[in-house]
Amino acid sequence: MEDDEIEAESRSDSRAGAEDSNGEAAGRKPKLSRKNIFTLVSAASVNFSSMICYSILGPFFPTEAEKKGVNQTVTGLIFGCYALCTLLGSLVLGKYIVQIGAKFMLCAGLFLSGGCTVLFGLLDRVPHGVPFILMCFIVRSIDAVGFAAAMTSSFAIIAKAFPNNIATVLGILEIFTGLGLVLGPPLGGFLYQSFGYEIPFIVLGFVLILMVPLNIYVLPSYDATPSKDSFWRLFTLPKISLLCFLIFSMSSCFGFLDPTMSLFVIEKFHLPTGYVGLVFLVLALFNSLSSPLLGIVSDKMPNTRRWLMVIGGITAALGYCFLGPAPFLHLKSQLWLFVFMLALTGFSSGMTCIPTLPEIVKCAYENGFEDDLSTLGLVSGLYGAVWSFGTFFGPTVGGFLVEKFNFEWAAAAQGGLIFISVLFLGIYYFVEPCFRRPATTSVEENEERAPLLSNHI
């Protein structure tokens, strides 16, 4: 009965949005239902709590691992295995989200990730050497599967609850993602300095576990039938393949900065370690603050998505070339230029990444995929897998390039990767009208333009 009410509310909101866009019922505006608000609260709690637990390792774990006899290469693999397991988990769980149940998958993922975070805080009691390394890989890998479950189901539920405003909601959620990534390192570092290694993981792990009863209470259930479609059919659609390449290139660039930027800033500009965190803050801050606005623009004017992605991708590529700056530009490295380029890449990353998910969903529906939770599970699983592959590729290959050449050339190479991906996507959009199918109905176009935020401000 609850599911029928949810579907009825969704259909009612879509019809109301369409009438408003046509000017046929100016006085009637779609409302943000109570269940939609609860869904938004649930997704925000998942993004914030998951990201804050994910990011607490950076300030102090490498030092603790060194005390346990772990070299830097193995420490990097411990970080990298998280992305690989998230990739595999996203694909498998996205395929079977209907059989498992989206709500159960989200809550189980939170519980698993929270429990593993607590366990990771107890690893300092494990003997030095191989036992410690082995337990780190096991706990970190299971944690990644829990994270994949929570994020895959969260993306699918958001797309189901807000079919006409996916980009807007993703933009809003990006604020909470950014807050988690920004607050995690300083909070983890403070707890580590004050109470030792165990407390940061135990405290934040239990925060994550406490999100489980909250989501059990507020999150509605969504039923669907299993789909016969596959990731392969979804991925081999030309447009989706190019969008995945763009997502991969952007996540690779984000991942590249994690292990390399702090060392470059300290060596090049002689900044104290405490100020390095502020430099990281610039990228996350501009990305988080710009994403809601860009999401609204993307949903209110769907035809601008392609231009947002292309222009944002070109801007991000230029930003990475000037980040060093690249040696072929013959410019001197300056702190103000470095910070400005971080701000520019943060803003342009929002332009590029926010429209990609609704574009993939739209393309899937246009190519015969069912309009249900099963398809959304495939889309969110594919999105999470591609993003995770990029976050593994970026630090690995980027670290190798920095070691063989320098940061300036490695950053320029990352910018070149973005430029290639956005060039292919731009060419596709240029030739697409020649092969386009008959236009969608006006009702479908109006539903895409149905506003979200203006309805309750």
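This is a quick tour of a predicted model of one protein chain, from its overall make-up down to a few ring pairs and salt bridges.

**The overall picture**

The chain is helical throughout its assigned elements: 18 helices and zero strands. Of its 457 residues, 53% are buried. Take the contacts between residues at least 6 apart in sequence, and 85% of them turn out to join residues at least 24 apart. On the outside, the chain exposes about 20,400 Å², with carbon and sulfur atoms supplying 69% of that area.

For a look at a single helix, try α2, which runs over residues 34-54. Its 21 residues reach 30 Å from the first C-alpha to the last, close to the 30 Å expected at 1.5 Å a residue. Helix α2 is also mostly covered, since 15 of those 21 residues are buried.

**A greasy spot on the outside**

There's a nonpolar surface patch of about 830 Å², made by Ile-314, Leu-318, Phe-419, Ile-420, Leu-423, Phe-424, Ile-427, Phe-430 and Val-431. Two elements give two or more residues to this patch: α13 (305-323) and α17 (407-431). Helix α17 gives the most, with seven residues. One patch member worth clicking on is Phe-430, found in helix α17. Phe-430 counts as exposed because its relative accessibility is 69%, and the cut-off for exposed is over 50%.

**Rings inside**

The model holds 17 aromatic pairs. One of them is Phe-264 with Phe-269, an edge-to-face pair at 5.9 Å centre to centre with 85° between the planes. Phe-264 has 7% relative accessibility, so this residue counts as buried. Phe-269, at 15%, counts as buried too.

Phe-264 has another ring partner, Phe-338. That pair is tilted, with 5.6 Å between centres and 35° between the planes. Phe-264 sits in helix α11 (residues 238-269) and Phe-338 in helix α14 (residues 335-353), so the pair ties together parts that are 74 residues apart in sequence. Both Phe-264 and Phe-338 are buried. Zoom out a little and you find one aromatic cluster formed by Phe-256, Phe-264, Phe-269, Phe-338 and Phe-407.

While you're in helix α14, have a look at Ser-348, which lies there as well. Its relative accessible area is 1%, so Ser-348 is buried. What is Ser-348 in contact with, leaving aside its neighbours within four places in sequence? The contacts are Gly-312, Thr-315 and Ala-316.

**Charged pairs**

Side chains of opposite charge can pair when their charged atoms come close. A search of the whole structure finds six salt bridges, and the table gives some of them.

| Salt bridge | N to O distance |
|---|---|
| Lys-268 with Glu-408 | 3.4 Å |
| Glu-359 with Arg-305 | 3.4 Å |
| Arg-306 with Glu-432 | 3.5 Å |

Start with the salt bridge between Lys-268 and Glu-408, whose closest N and O atoms are 3.4 Å apart. Lys-268 lies in helix α11 and Glu-408 in helix α17, so the pair ties together parts that are 140 residues apart in sequence. How covered are the two ends? Lys-268 is partly exposed, with a relative accessible area of 37%, whereas Glu-408 is buried at 11%.

Next comes the salt bridge in which the side chains of Glu-359 and Arg-305 meet. It links distant parts of the chain, with Glu-359 in helix α15 (residues 356-366) and Arg-305 in helix α13, 54 residues apart. Both Glu-359 and Arg-305 are buried.

Then there's the salt bridge between Arg-306 and Glu-432. Arg-306 is in helix α13, while Glu-432 is in the loop between α17 and α18 (442-448), so to speak a long-range link: the two are 126 residues apart. Arg-306 is partly exposed, with a relative accessible area of 21%. Glu-432, at 13% relative accessibility, counts as buried. Salt bridges that share partners also join Lys-239, Asp-299, Arg-305 and Glu-359 into one network.

How values were computed:
Residues numbered from 1 in each chain as written. Predicted model: local features only at pLDDT ≥ 70, side-chain atom pairs only at ≥ 80, totals over all residues. Heavy atoms only, no water. Helix = DSSP H or I, 4+ residues; strand = E, 2+ residues; numbered from the N terminus. Expected span 1.5 Å × (residues − 1). Buried < 20%, exposed > 50% of the residue type's maximum accessible area, 1.4 Å probe, protein only. Patch = residues over 30% accessible without salt bridge, like charges linked within 9 Å, V, L, I, M, F, W, Y side chains within 5 Å. Areas by Shrake-Rupley, 256 points an atom, 1.4 Å probe, with all protein chains shown as cover. Salt bridge = Lys/Arg side-chain N within 4 Å of Asp/Glu carboxyl O. Contact = heavy atoms within 4.5 Å. Phe/Tyr/Trp six-rings, centres within 6.5 Å; stacked < 30°, edge-to-face > 60°.
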